[in-house]
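The following briefing looks at how one chain is arranged, with attention to a single helix and to a patch on the surface. Please read it alongside the structure shown here.

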Amino acid sequence: MPSLKLAHLSDLHLDMSRESDASAASLVKALATQDVDHVVVTGDLTHRGANAEFQRFREHFAPWMDTGRLTFIPGNHDRPGEDVGSRFMEGRKVHTVEKAGLFMVCVDSTGDHNRNYFSSHGELTEDVVTQVEAALSAAPPQTLVAVLLHHHVLPLPLESFPEWIATKVGLPHASELALGKTLLERVGGKCDLVLHGHRHVPHELALGAPAERPLRVFNSGSSTDLGRFRVFSHMAGRLVDEPTWCQAAEPAKPRTAVHNVRPALQYLVGQLGMALF
C-alpha cells in the first residue's frame with residue numbers, strides 16, 4: 001500500500017495584491033510537484049473577510065477544490081468585513097471530513113467578537129469540546145485522525161511588540177484558547193494530529209508516551225510569509241517518518257506592518273461612519 005500525503009497550510013491572508021497572488025500561486029505549484037493527496041488550510045484564507053479575497057482563494061486552489069482534495073476552516077481574519085468565514089462551515093462549529101486514509105474533525109474557533117478587526121482571540125466552549133470528542137468516536141480504524149482549528153491551543157512565544165503590549169495590559173488577543181489544554185486532554189488517545197495556525201511562526205509539540213497513541217500539535221505558521229508548508233506522509237493510520245517542509249519557488253517575503261495597519265484604519269473609518277450616519 002503506497003503512503004498518502006497531507007499538506008498543512010495556514011494564514012494565507014490573501015489581499016488581492018500582486019505579492020499575495022504570487023505567493024499563493026507558488027504554493028499551489030509546490031503542492032502539485034509534491035503529489036499531495038489532500039490539503040488543509042487552517043484559517044485566515046483572506047485578510048479582510050472580503051468576498052473578492054475568498055474568490056481569489058478559490059481561483060488559486062481550484063485544482064484542489066474541484067477534485068474534493070481541499071479542506072479549510074475559518075480564522076479571525078475571515079470574519080471582519082463581509083464575514084466570508086461565517087459561511088465556511090455552514091454555521092456549524094464542528095463537522096467531520098473523511099477522505100482516503102484520513103479522518104478530520106473541523107472546528108470553528110472563531111466567535112462573533114472576531115467581527116471586530118482588533119479582537120483576534122479565539123473561542124472554544126465546553127459544548128464544542130464535547131462535540132469534538134464525540135466526533136472522534138466515529139473515526140474508522142487505520143485512518144490518520146486530525147483535529148483542525150485556527151487558534152492555538154497552548155501558550156506560544158509572543159511574536160510582535162503589539163502582542164506584548166496587549167498581553168501586558170491584560171487583553172486576550174494573543175492568548176491561547178481558554179479550553180485549549182482541556183481539548184488536548186479530551187482528544188488524547190483518540191487522534192494523531194492537532195493542526196492549527198493563527199501564529200505566524202511555526203511550532204510543534206509532541207504529547208503522550210511512545211507506548212501510547214502519540215498526539216502531536218503543529219502550528220503551520222503563515223504559509224505565504226514563509227513560502228513553505230509541512231507535508232505529512234501517512235499509511236494505515238500512522239505517520240510515515242517525520243513531516244517534511246516543502247519550499248515553494250517564490251521566495252518568502254514577510255509582510256510589513258502596513259499589511260495590518262491599512263485594514264485596521266479602514267475598519268476604524270467604517271465604524272466611525274456608522275456611528276455618525
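In what follows, a contact means heavy atoms within 4.5 Å. The model is predicted, and its chain holds 8 helices and 12 strands.

**The chain as a whole**
- Of the 277 residues in the chain, 49% count as buried, while the chain exposes about 12700 Å², of which carbon and sulfur atoms supply 57%.
- When contacts between residues at least 6 apart in sequence are considered, 74% of them join residues at least 24 apart.

**Helix H6 and its surroundings**
- Helix H6 spans residues 180–187, and within this helix Gly180, Leu183, Leu184 and Val187 are buried.
- These buried residues lie on the same side of H6, because they cover an arc of only 100° around the axis.
- An α-helix has 3.6 residues a turn, so residues three or four places apart point the same way.
- The buried residues of H6 pack against helix H4 (126–136) and against three strands, namely E7 (193–196), E8 (203–207) and E9 (215–219).
- Lys181 and Glu185, by contrast, are exposed on the other side of H6.
- Glycine 189, which follows H6, has a positive phi, near 85°.

**A nonpolar patch at the surface**
- Leu158, Phe161, Trp164, Ile165, Val169 and Leu171 make a nonpolar surface patch of about 580 Å².
- Tryptophan 164, one of the residues of this patch, is placed in helix H5 (residues 161–168).
- Tryptophan 164 counts as partly exposed because its relative accessibility is 40%, and the partly exposed class lies between under 20% for buried and over 50% for exposed.

How values were computed:
Residues are numbered from 1 along each chain as its sequence is written. This is a predicted model: local features need pLDDT of at least 70, side-chain atom pairs count only at pLDDT 80 or more; totals for chains, interfaces and linings use all residues. Side-chain values use heavy atoms; hydrogens and water are left out. Buried means under 20% relative accessible area, exposed over 50%, partly exposed in between (1.4 Å probe, protein chains only). Helices (H or I, at least four residues) and strands (E, at least two) are DSSP runs, numbered from the N terminus. The arc is that of the directions from the helix axis to the C-beta atoms. Patches are made of residues with over 30% relative accessible area and no salt bridge: like charges are joined within 9 Å, nonpolar side chains (Val, Leu, Ile, Met, Phe, Trp, Tyr) within 5 Å. Accessible areas come from the Shrake-Rupley method with a 1.4 Å probe; for residues, only the protein chains shown count as cover. A salt bridge is a side-chain nitrogen of Lys or Arg within 4 Å of a carboxyl oxygen of Asp or Glu.
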